[in-house]
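Trainee: I've got a new protein open on my screen and I don't know where to begin. Can we go through it together?

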Amino acid sequence: MRRKIEGLVLLGSALLALKWITDPSGPYEPILAFIGASWASLDFFFGKREGAPSNTPSRSEDAPTRSTSTPLPKKPDTPALPYFKWNSTSDFFADRFANAFPGLRSSTWFNGQEAADRLALLLQPPLTFKNEDYGETSPIWWFGRGNLQVDKFKRIDARTVLINFDEYNISRLAAIYSSSYRRIWVYVETEPMAPTGLYPRTAQNLEAAKAQSETYAEEYAIVDGQHKVTRAEYDDGHANIGGKITPIAGNSELRVRQLRPYNFVLCSHDSPINNINFDSELEAFLDEMLLDPSVFDKYSNLISRLPITRNP
């Protein structure tokens with residue numbers, strides 16, 4: 001119906017326009033204005049013309065559609081980092097030291113599970129904070145054969161812990177107190193762990209490490225908290241699990257397992273221990289301690305006299 005009316009209106013408008021051209025003085029202008037108004041009113045009576053733009057959204061291949069399947073689980077939001085409210089990293093370490101070793105006013109040794117318990121108090125979360133100057137800060141650092149901030153701690157069992165991605169079987173630790181809060185530090189010793197069974201040459205390599213009085217570790221990964229895979233498989237993002245090649249990127253966790261006696265030091269980032277000129281002596285101290293524990297007092301006294309070179 002609408003199409004017929006539109007055709008008649010267009011035809012009448014064309015005829016009147018021709019008449020107006022040939023006879024400009026004729027009464028055609030009001031009639032054409034009436035026809036224009038009538039044309040505009042067609043939408044009111046008949047709705048929008050087919051193919052005209054509409055405010056109603058249409059479905060297309062690129063438009064999202066409502067799914068009737070089970071929705072994917074929402075990933076948990078990463079918790080916001082707490083603000084670092086201490087005046088310095090040494091301030092923070094002194095607080096944690098007091099929590100882990102309350103009442104201690106002299107250097108003291110702790111063994112076995114008690115050592116692991118005290119370490120868990122020292123390294124309880126949070127270990128990383130928001131800092132207005134640097135964005136993020138990790139106030140506790142690990143020093144030994146290299147150095148690294150401590151941003152992760154996990155208790156695996158009574159004596160086994162995970163610090164960052166390193167597995168340690170805690171043997172003993174020494175809590176070194178000082179009246180100068182910047183000189184507080186902790187020495188940690190670990191016992192050998194059992195090999196992962198992933199590497200056929202581990203036994204041979206261990207014998208060579210023992211002969212040279214060296215440390216030795218295996219790098220591997222744990223998939224879904226239970227399957228051990230090699231470091232090479234971890235790097236490739238796929239592993240042979242139960243005879244099946246399985247993607248593991250995103251659900252595997254890198255680990256380093258110490259298979260020989262090992263030791264390291266924990267302190268604040270602005271501790272005097274964090275001194276590039278002391279790195280070689282610190283490594284010598286750690287190596288000697290594994291062979292002759294009597295050298296501890298000598299190196300402890302040396303550390304107590306290190307210059308304070310970093311701003312708090």
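Trainee: Okay, how many helices and strands does the protein have?

Mentor: Keep in mind that we're looking at a predicted model. Going along the chain, the protein has 8 helices, and its strands number 15.

Trainee: What share of the residues in the protein is buried?

Mentor: A residue counts as buried when its relative accessible area is under 20%. The protein has 312 residues, and the buried ones make up 37%.

Trainee: Which residues touch the most other members of the largest nonpolar core?

Mentor: That core has 33 residues. Helices H3 and H4 each supply at least two of them, and so do strands S4, S7, S8, S9 and S15. The residues that touch the most other members are Phe-101, Leu-119, Leu-123, Ile-163, Val-186 and Leu-266.

Trainee: Let's take Leu-123. Which residues is it in contact with, leaving aside neighbours within four places in sequence?

Mentor: Contact here means heavy atoms within 4.5 Å. With those neighbours set aside, Leu-123 is in contact with Arg-96, Ile-140, Val-150, Phe-153, Ile-163 and Leu-266.

Trainee: How do the rings of Phe-84 and Phe-92 sit: stacked, edge-to-face or tilted?

Mentor: A search of the whole structure finds 20 aromatic pairs. In this one the ring centres of Phe-84 and Phe-92 are 6.2 Å apart and the planes are at 45°. Planes under 30 degrees apart would count as stacked and those over 60 as edge-to-face, so this pair is tilted.

Trainee: And is Phe-92 buried or exposed?

Mentor: Use the 20% cut-off again. Its partner Phe-84 is buried, with a relative accessible area of 10%. Phe-92 has 1% relative accessibility, so Phe-92 is buried.

Trainee: Which residue lies over the face of Trp-109?

Mentor: Trp-109 belongs to an aromatic cluster with Trp-185, Tyr-187, Phe-285, Phe-296 and Tyr-299. At 3.9 Å from the ring centre of Trp-109, the residue over its face is Arg-172.

Trainee: Last one: which residue in the turn between S10 and S11 has a positive phi?

Mentor: S10 covers residues 217-223 and S11 covers residues 227-230; they run antiparallel, joined by 4 bridges. Within this pairing, Tyr-220 stands opposite Thr-230. The two strands form a hairpin with 3 residues between them, and the turn residue with a positive phi, about 55°, is Asp-224.

Notes:
Residues are numbered from 1 along each chain as its sequence is written. This is a predicted model: local features need pLDDT of at least 70, side-chain atom pairs count only at pLDDT 80 or more; totals for chains, interfaces and linings use all residues. Side-chain values use heavy atoms; hydrogens and water are left out. A nonpolar core is a set of buried Ala, Val, Leu, Ile, Met, Phe, Trp, Tyr and Cys residues joined through side-chain atoms within 4.5 Å. Buried means under 20% relative accessible area, exposed over 50%, partly exposed in between (1.4 Å probe, protein chains only). Two strands pair if DSSP finds at least two bridges between them. Rings of Phe, Tyr and Trp (its six-membered ring) pair if their centres lie within 6.5 Å; planes under 30 degrees apart count as stacked, over 60 as edge-to-face and the rest as tilted. A charge sits over a ring if NZ of Lys or CZ of Arg is within 6 Å of the ring centre and within 35 degrees of the ring normal.
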